[in-house]
Amino acid sequence: MDSLFGNFDLSAFASALLLGISIGSIWLIAALGLTIIYGTAGVINMAHGEFLMLGAYSSYMLQAYFGVPFFLCIPASFVIVGLVGLIMERGLIRYLYNRPLDTLLATWGVSLVLMQGVRLIFGSDPKYIAVPQMFQESVEIGFFSISLFRIVVLLITALLVAMIWYLFYRTRFGMQVRAVTQNKEMAAAFGINSGRVYMMTFALGAGLAGVAGSLFGVLNIVLPTMGTSYVVQAFLVVVVGGGSLVGSVAAGAGTGELQSIFAYFTSDTFARFLLFVLIVILLRYKPQGLFAITKARR
Amino acid sequence: MGILEIHNLSKDYSGTVVLNDFSLDVVELTLCCLLGPNGAGKTTTMDMITGRQKPSSGRILLNDNDITGLDEHEIARRGIGRKFQVPAVFKDLTVRQNLEVAYSRQTSPFKNMFRFRDPGMERKLDEVATQVGLTQRLAIEAGTLSHGETQWLEIGMVLMQDPQILLMDEPAAGMTEQEIDKTSRMFNELKKTKTLVVVEHDMAFVREIADVVTVMHMGAHLATGSIDQIEANARVREVYLGSEEH
Amino acid sequence: MFKSNPYHNKTAQWVVYVLFFGALAFVPVLSDDAFMMNQFATYGVFGMLALSISLCWGFGGILNLGQGIAFGLGAYGMAMTMQMQSQDPETSPMPPFMLNNSVEQLPLMWEPFWHTGWGIFIALAVPTLFCVIFGTIMFRARVSGPFFAIMSLAMLSAWYTIILDSQPFTNGVNGISPPAPLSIGGFEIDPYSGFIYWMVLFLLAAMTLIIKLITTSKFGLIVQAVRADSERVRFLGYSVSYYETVIYAVSGFIAAIAGCCWVVAVQYVSPAQLDVSFSISMVIWAGIGGRMSLLGSIIGAFMIQGGQSYLGDEFLATWLLILGGFFIFVVRFLPKGLAGLLESGLGLLVAKPAAERESAPGPVAGAKVQG
């Protein structure tokens, strides 16, 4: 083997492939809420990064001030950030649905307010979320070592994807959502309240960001600016995937894997640059993304 | 041979056939009417000719040059102008500005960047405004025009382009009797210098203007002939009696 | 009383533009505080950026959240030029930071910057060329609206990381601080003088007037049509992607000039100039000032950056909080920004039935900002 690939290290490359799955799951979970909100309402939510950040801070707060165990903090963050999303949708976004660029800008304003608000309340110094000791350890899979918590993230991502799939494709609410996405007027004619559907999906999307945020708070430190480091990647997953759930899963896995492979051959940041260039080229041929949602033709 | 030839055009969207082996020859300086019930493929055909959609198979020739699959602006530059079914004018611009934009002899952004006056355009604009009867309305915003006036404005925009072939998708829709009369007189005048393809439902209007009529049904060619031949055609009657149109 | 809204009067607009820049030109006569001149020059640079955003987003309808790319690349090009002016091929052929990063010889990428003319040319050409290539790919594929905004943002963060990561070539997070001011043909541009202020102001005024002129041309009319209904414009024979690329590239060119002026004024560049938040600030200036108005956008930049620097660092978080809130308000209720407010205000002065005439305020009180 060695002679064939020169100094190509097969075991290190295999670890890179496995690491790619983990990176993909992190990007995917960051993008889930964004996907739902964009896929349903067509809103590019620039405050998504700050929703992630709020999720981390709610978990931190519940744990540090009220001693709530970490695995209860996750659903609590879902509820708290979901409520924030609900308020934002009712108070601002619903007035802007037919102005896509303005929603983008208004949500960016919201992100600024949230980030600075948190900074004023909690300060700019990093916070930490504690997890049970066992999750801080690493497991060995053959020659590959990965922290147990990354596996937890992977499992939670898979669980959330399965739940969203069930919600969207197997329940009455999901049918309404898909009806509104495809043709709002037609759905209204059948008595579906699109305003309510948008409100619920927005809250759901925000809540999912809350879950992702509390996990990121463990993977990394908790900072008012932490959202921005995830949000661009999350956007790219949505853009590449085309806004559908299956698209985001494919895009998350694909870009995560590519990032890891490129990083194996070059460096982390250069891999990122290569990935961006590749996405730009992809958009040249598939401007709607890999799995675009079909809308009613004009 | 015709100035515009369509050979065996087909189009399907993942299995749904909307256009099936459709061929059409348009002879220079004639007015050809496309008829057919809704869903017959008339607008799809126009989309293919103007490059808005790409055919799954088949060829489109303009003056014996293959234009199949070219971009919209390239086809427009070769001399095909189009009026849309739902009038597409720039509502926020004035009538005059709409006509100015449509005067597209010079399409390069750099050459247009420092172009402020254009005597050739002024002349053409006066001529077209008179032709479509909008001389008094030049200064108002296009969004405030009546439906019939909007139709004329879009016809005027196509005329400003000065194309060889004019594709008109339901030009008389929403017009009053007098407006239709005026439009048919205009078309009869136009076909002395231009070739026209008109999609229309109003049979009285078609009778006024058409040199040759082609009927489409379910994405395929059904019949071609003069208006009298078409009205006597048994298959055409069958198709039309089977639908609510006419 | 006016027959029509004076805001839309072409002559009045030109008069206001000339008066605005004319008045600004007198500032150094009133004060010769060198530090202030330098600071005002940087505001001029922000004004250029706001102008470029107004052209691209307000006028062209292309929301560009990655203007920092053109600005940053221009700035790095100028910084490299100025750095090489302090190097000598014989005695010290390499910038000190490279020695610290144990680079053996001057990277090829730096060679052209020995020559000041080439250096400045590259500083302007590279960002413009980038815009042409990226714009062509995106607009040909008909990527537009929010999707283009996201892609420009992603591209910005890609450039940010690559510049940050290329420590041996760019000095990474520390950036490049040329030791001496720019000198052109023996003339040294003192960054703390009235001259730098006038230079920036002259460039800003010239670019603003040229852009203003272009927007009234046939080109401007076609771009307006593209903004309204790009689909329809194609059938008239215009290549929409070509027009969009030109707008985007011209806007990038202006940002590159701004980047050059920035380094001449502050003698410093770092990846912070390509930070996402800075590029979005540019959009906020134009949004609050009024993206449809060139002058409104420029004034927006002056107000917000001015406010920010006078409030100082301790209130920065509060200031950004208020700014974010105000921006939300503007997007929701004043899509045309403060200039739009003036537009509607002046609209009230248009001749109305006699009964209302008495109460209307005096004429042209605020014909300051225009479209």
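The points below go through a predicted model, beginning with how its chains touch and ending with one residue.

1. **Which chains meet.** Two pairs of chains touch in this model, and the pair with the most contacts is chains A and C. Chains A and B, by contrast, share no contact, and their closest C-alpha atoms lie 11 Å apart. A reader who wants to follow the interfaces can therefore take the pair A and C before the pair C and B, since the most contacts lie between chains A and C.

2. **The interface of chains A and C.** Here 33 residues of chain A are in contact with 34 residues of chain C. On the side of chain A that touches chain C, three helices each supply at least two residues, namely α5 (100–122), α10 (226–241) and α12 (268–285) of chain A. The largest share comes from α5(A), which gives 15 residues to that side. Sorted by class, the side of chain A that touches chain C holds 23 nonpolar residues, six polar ones and four charged ones.

3. **The interface of chains C and B.** In this second pair, 20 residues of chain C are in contact with 23 residues of chain B. The elements of chain C that give two or more residues to the side touching chain B are α10 (218–234) and α11 (240–266). Of these, α10(C) provides the largest share, with 10 residues. The residues on that side of chain C divide into 12 nonpolar, four polar and four charged.

4. **The overall form of chain A.** The secondary structure of chain A comes to 12 helices and two strands, and reading along the sequence gives the pattern α-α-α-α-α-β-β-α-α-α-α-α-α-α. Chain A is as compact as a globular protein of its length, because its radius of gyration is 20 Å and the globule rule gives a close value of 19 Å for 298 residues. Along the principal axes, the C-alpha atoms of chain A fill a box of roughly 65 × 50 × 35 Å. Buried residues make up 47% of the 298 residues in chain A. When contacts in chain A between residues at least 6 apart in sequence are considered, 77% of them join residues at least 24 apart.

5. **The overall form of chain C.** Chain C has 16 helices and two strands. Its radius of gyration is 22 Å, which agrees with the value near 21 Å that a compact globule of 371 residues would have. The box filled by the C-alpha atoms of chain C, taken along the principal axes, is roughly 80 × 55 × 40 Å. Of the 371 residues of chain C, 50% count as buried, and 81% of the contacts between residues at least 6 apart in sequence join residues at least 24 apart.

6. **The sheet of chain B.** Chain B contains an open sheet of six strands in the order β6-β7-β8-β3-β9-β10, with mixed pairing. Its edge strands are β6 (80–83) and β10 of chain B, each of which pairs on one side only. On average, neighbouring strands of this sheet are turned by 20° against each other, if direction is ignored.

7. **The two ends of that sheet.** At one edge, β6(B) pairs in the parallel sense with strand β7 (residues 165–169) of chain B over four bridges, and the bridge partner of B:I80 in β7(B) is B:I165. Helix α6 (residues 147–161) of chain B packs on the sheet, where it touches β6 and β7 of chain B, and its direction makes about 170° with that of β6(B). At the other edge, five bridges join the antiparallel strands β9 (residues 212–217) and β10 (residues 220–225) of chain B, and B:V213 stands opposite B:G225 in β10(B). These two strands, β9(B) and β10(B), form a hairpin with two residues between them, and B:M218 in the turn has a positive phi of about 50°.

8. **One residue of chain C.** C:L164 lies in helix α7 (residues 145–165) of chain C. Is C:L164 buried or partly exposed? It counts as partly exposed, because C:L164 has 17 C-beta neighbours inside 10 Å, whereas a buried residue needs 20 or more. Leaving aside neighbours within four places in sequence, C:L164 is in contact with C:G172, C:V173 and C:P271. The C-alpha atoms of C:L164 and C:A272 are separated by 9.4 Å, although these residues are 108 residues apart along the chain.

Methods
Residues are numbered from 1 along each chain as its sequence is written. Chains are lettered from A and ligands numbered from 1 in the order in which they are written. This is a predicted model: local features need pLDDT of at least 70, side-chain atom pairs count only at pLDDT 80 or more; totals for chains, interfaces and linings use all residues. Two strands pair if DSSP finds at least two bridges between them. Two residues are in contact if their C-beta atoms, placed from the backbone, lie within 7 Å. Ala, Val, Leu, Ile, Met, Phe, Trp, Tyr, Cys and Pro count as nonpolar, Asp, Glu, Lys and Arg as charged, and the others, Gly among them, as polar. The radius of gyration is taken over C-alpha atoms; the globule rule is 2.2 Å times the number of residues to the power 0.38. A residue is buried if 20 or more other C-beta atoms lie within 10 Å of its own, exposed if 12 or fewer, and partly exposed in between; C-beta atoms are placed from the backbone. Axes are lines fitted to C-alpha atoms, for helices over the stretch in contact, and angles run from 0 to 180 degrees between N-to-C directions.
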